[in-house]
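Grab your viewer and try a few short exercises. Each one has a task, then a worked solution.

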Amino acid sequence: MCSDAYQIGTTSYAYRGTETIASVKQFYSPKCNENFGYVWVWKSFLDKKIKFDLQVGVWNYDRSLLQGERRVYDSLGQEFWGNGADSVDDCTSGDGTLTIANEPGGYSARTSKRC
């Protein structure tokens with residue numbers, strides 16, 4: 001992550017039922033000329049000590065793929081940055097998914113589309 005990165009677009013939220021478990025954002029760095037996905041897992045969820053897998057990145061609408069993808073397994077962490085995505089000239093969103101063992105699917109969020 002580059003030190004001059006700032007948030008672009010909205011903050012979105014991942015829900016497990018009615019419980020908010022994570023915030024998802026997208027950042028842009030003029031210095032690095034890259035976008036970054038970002039996930040912040042809420043303390044109220046972390047307090048339950050439930051391990052999760054996490055995927056974070058930048059969804060590129062022009063290329064229909066997740067760029068700058070980073071995956072973390074069996075985590076109890078709070079803050080996660082994706083890798084830099086060469087997507088500044090494309091339409092993108094920050095994208096994050098938490099997956100919990102023995103629970104179907106995942107808990108996902110995607111920020112607003114930025115072009």
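Helices (H or I, at least four residues) and strands (E, at least two) are DSSP runs here, numbered from the N terminus. The model is predicted, so local features need pLDDT of at least 70 and side-chain atom pairs count only at pLDDT 80 or more, while totals for chains, interfaces and linings use all residues. Residues are numbered from 1 along each chain as its sequence is written, and side-chain values use heavy atoms, with hydrogens and water left out.

**Exercise 1. Work out which pattern the protein chain follows along the sequence, and how its radius of gyration compares with the globule rule.**

- Step 1: Count elements; you get one helix and eight strands.
- Step 2: Put them in sequence order, which reads β-β-β-α-β-β-β-β-β.
- Step 3: The radius of gyration is 14 Å, close to the 13 Å that the globule rule gives for 115 residues, so the protein chain is as compact as a globular protein of that length. (That radius is taken over C-alpha atoms, and the rule is 2.2 Å times the number of residues to the power 0.38.)
- Step 4: For the box along the principal axes, the C-alpha atoms fill roughly 40 × 25 × 20 Å.

**Exercise 2. Is Asn35 buried or exposed, and which side chain does its own side chain meet in a polar contact?**

- Step 1: Find Asn35 in strand E3 (residues 34–41).
- Step 2: Its relative accessible area is 3%, so Asn35 is buried. (Buried means under 20%, exposed over 50%, partly exposed in between, with a 1.4 Å probe and protein chains only.)
- Step 3: The Asn35 side chain makes a polar contact with the side chain of Ser87 at 3.0 Å. (Such a contact is a pair of N or O atoms within 3.5 Å; within protein, one must be able to donate a hydrogen and the other to accept it, and residues adjacent in sequence count only if both atoms are side-chain atoms.)
- Step 4: Check the chain separation too: Asn35 and Thr92 sit 57 residues apart along the chain, yet their C-alpha atoms are separated by 8.6 Å.

**Exercise 3. Which residue's side chain is joined to that of Asp95 by a polar contact?**

- Step 1: Go to strand E7 (residues 92–99), where Asp95 lies.
- Step 2: Asp95 has a relative accessible area of 8%, so this residue is buried.
- Step 3: The partner is Arg110, with a polar contact of 2.8 Å between the two side chains.
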